[in-house]
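Biologist: I'd like to learn how to read this one feature by feature. Could you give me the general idea each time, then the case at hand?

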Amino acid sequence: MRIKLIAAIALSSLCIPLFAGPAISPYVAATGGVAVTAETDYDTFVTLPAASAAASVQAGVVIGDGLWSAMLQGGQSYQAATAFTADWYRYRGFYSLNLATGPRLQLEYFDVYLLGGFMLARYDLSFSYFFFPYLEPGVSMPVLALGDHFSLDLGVSVPVHLRADSFSAGLRAVVTVSYNETQKPLPWTGTGE
Amino acid sequence: MKLFKTSAFMIMFPILMASCAMPEAPTRNALVYGISRYDVNVPATSYPNLTWTDDDADSMSSLLFNSGWNVTEGIANSELNSENLVASKETIMSDIENLKGFDGIVLFYYSGHGSRINGESTIIPYGTVSNPSQWIRVSELYAKFELEGLDHVIIILDSCHSGGFVQDGATSDAIPDVYGTRDAYGNISYRWFIDSLGATINSYIHYSGGSNFVSISAAGAGELSYESSAFGTGHGIFTYFMLQSATDPESDFNGDGLVTSTELFAYCAAKIDATWNSENYQNYEYVDGKKIYADYLPHLSGTPREFALWETK
């Protein structure tokens, strides 16, 4: 099952160039939000879920400027230890590096995307390293034009961590600064100025 | 400006909300065993007897009791065989059985001899030192807890080869089974984060469920742990620093007033490396015909969970 999951995400990334176009728009992003974690064997949840804070910084490129484009993103994340459950355990915090690709659909004022990739992580205060695939759908909207080419976007994403021994899902606010050859239209002005 | 404030609030609000108050402590039971007198027919200072393992257990019992745990103690340090049976295999297994169905937290602590049989680590209860078939193996101890329906188990072992009781689960442990600056392959693996990629992918693919018990060992599966008069009034070195964690603010890495199983491991590992290892890395013994240097490190299981153990004073 896990080999198939890794293969599916890896093979999907090979299809991403199908969505690509000639334009390249680099961006940097910061995310922050909450995540809920529980141990699972993917048939049932075997422990109580608990919530924690999570944040990341990312850098990437959007390849293409048409209706569909391709995203390639990498960065680092930190998911804090959760709150303690009633049984006085919690889920350990960890630091991770990630790499993901995915298609992006550019609507008039919104961008909708689905990233799929992998994380390499280490639990806090330990020497325990682990690997897992993840998915991250999201939506963003430009809210501020910065000059002729840069824009500030705000959005939300839902990262889903498919760890071997547990499952995490979160909700994050995403702040992105991107460079665009053609300035993005803002929802309330309809222009890039 | 307003947009920047809004953005910052959207990012920080969930972080602040995640800092929830600590729930009331659940019922916690500790099983504490220390064996210094393995053979009453030889002097206390002669092999196979140990010196401070009974003091380890006595001190751990006090720490746990004062931290709100219900403690069942089995310390074998008597001249009388009958009194030492509190740490026999039958008693240990019976004590676990007496917790059948308990849904709180169980902590199992042992200080005494440890060994390996066919590569599987064992602990050696009283009365079995000359009978390896009666030693408690990893599989046996884990199976006993599972048989009695105990889900929230913490295993802490101060014994030789105890790292075999620590399961990596879905992770890859960068500390080798034999840690040491002069041991072959004894250094911490993964100089760079990315170096762990191959091993972690392998761990992810081959993870097959395993136990979710949290376990901390004094030493790796292939090495010895030590006791010394130079640590307090005489203790196992790993246990000494466990005891210190209750009063040393350095053990509370996040300053929340609690020592978790992860913080305990990190604290003990750092302290052992800074003290015992720095003075003994050149000393060695022969284990199964192989030269093993005296420096060692604790190990921590790769489970996603960690438990709050005790408050820092």
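Modeller: Sure, let's begin with strand pairing: two strands count as paired if DSSP finds at least two bridges between them. Strand β4 and strand β5 (residues 120-123) of chain B meet that with four bridges, in the antiparallel sense. One of the positions to look at is B:Ile117, whose bridge partner in β5(B) is B:Glu120. Bear in mind throughout that this is a predicted model.

Biologist: What order do the strands take in the open sheet that holds β4, β5 and β6 of chain B?

Modeller: The order is β4-β5-β6, three strands with antiparallel pairing. The edges are β4 (114-117) and β6 (136-137) of chain B, each pairing on one side only.

Biologist: Since it's predicted, how do I read the confidence?

Modeller: pLDDT is the predictor's confidence in each residue, from 0 to 100. Chain A averages 89, with 92% of its residues scoring at least 70. For chain B the average is 92, and 94% of the residues score at least 70. As for the model's overall scores, ipTM is 0.91 and pTM is 0.91.

Biologist: Which elements of chain A have the lowest and the highest mean pLDDT?

Modeller: Helix α1 (residues 2-15) of chain A is the lowest, at 78, while strand β6 (residues 111-123) of chain A is the highest, at 96. Over in chain B, watch residues 2-19, where pLDDT stays under 50. The model has 21 contacts beyond four places in sequence for that stretch.

Biologist: And hairpins? Where should I look?

Modeller: Follow the chain from one strand to its partner and see what lies between. In chain A, strand β5 (residues 94-106) and β6 pair in the antiparallel sense over 11 bridges, with four residues between them in the hairpin. A:Asn98 has A:Met119 as its bridge partner in β6(A).
Then β6(A) goes on to pair with β7(A), antiparallel again, through 12 bridges. There, A:Gly116 is matched with A:Leu135 of β7(A).

Biologist: Which residue has a positive phi in the hairpin of β6(A) and β7(A)?

Modeller: First the general idea: most residues other than glycine have a negative phi, and most peptide bonds are trans. In this hairpin, which has four residues between the strands, A:Leu125 takes a positive phi near 55°. Chain B has a similar item to check: strands β13 (residues 284-287) and β14 (residues 290-293) run antiparallel and are joined by four bridges. Their hairpin has two residues between the strands, and B:Asp288 takes a positive phi near 55°. B:Tyr286 bridges to B:Lys291 in β14(B).

Biologist: Any backbone oddities in the loops?

Modeller: Try B:His161, with a positive phi near 60°, in the loop between β7 (152-158) and β8 (172-173) of chain B. Then there's the peptide bond from B:Tyr47 to B:Pro48, which is cis, with omega near 15°. B:Pro48 is found in the loop between β1 (28-35) and α2 (53-66) of chain B.

Biologist: Now the interface. How many residues does each chain bring to the contact?

Modeller: Chain A brings 51 residues and chain B brings 55. The buried area between the chains is about 4600 Å², with carbon and sulfur atoms giving 71%. A:Trp88, A:Phe127 and A:Tyr129 supply 20% of what chain A buries against chain B, more than any other three residues.

Biologist: What about polar and charged links across it?

Modeller: Side chains of opposite charge can pair when their charged atoms come close. Chain A and chain B share two salt bridges. In one of them, the side chains of A:Arg90 and B:Glu306 meet at 2.5 Å, N to O. B:Arg305 also forms a salt bridge with A:Glu39, at 2.7 Å between the closest N and O atoms. That pair crosses from strand β16 of chain B to strand β1 (residues 24-39) of chain A.
Beyond those, look at polar contacts: there are 15 residue pairs between the chains, both at pLDDT 80 or more. Strand β7 (residues 128-146) gives the most to chain A's side, with eight residues. That side divides into 33 nonpolar, nine polar and nine charged residues.

Biologist: Which strands pair across the two chains?

Modeller: Strand β4 (residues 89-91) of chain A and strand β16 (residues 305-311) of chain B do, antiparallel, over three bridges. In β16(B), B:Arg305 is the bridge partner of A:Tyr91. So you meet B:Arg305 again, as it forms the salt bridge with A:Glu39 too.

Conventions. Residues are numbered from 1 along each chain as its sequence is written. Chains are lettered from A and ligands numbered from 1 in the order in which they are written. Side-chain values use heavy atoms; hydrogens and water are left out. Contact means heavy atoms within 4.5 Å. Buried area is the accessible area (1.4 Å probe) that two parts lose on being put together, summed over both. A salt bridge is a side-chain nitrogen of Lys or Arg within 4 Å of a carboxyl oxygen of Asp or Glu. A polar contact is a pair of N or O atoms within 3.5 Å; within protein, one must be able to donate a hydrogen and the other to accept it, and residues adjacent in sequence count only if both atoms are side-chain atoms. Ala, Val, Leu, Ile, Met, Phe, Trp, Tyr, Cys and Pro count as nonpolar, Asp, Glu, Lys and Arg as charged, and the others, Gly among them, as polar.
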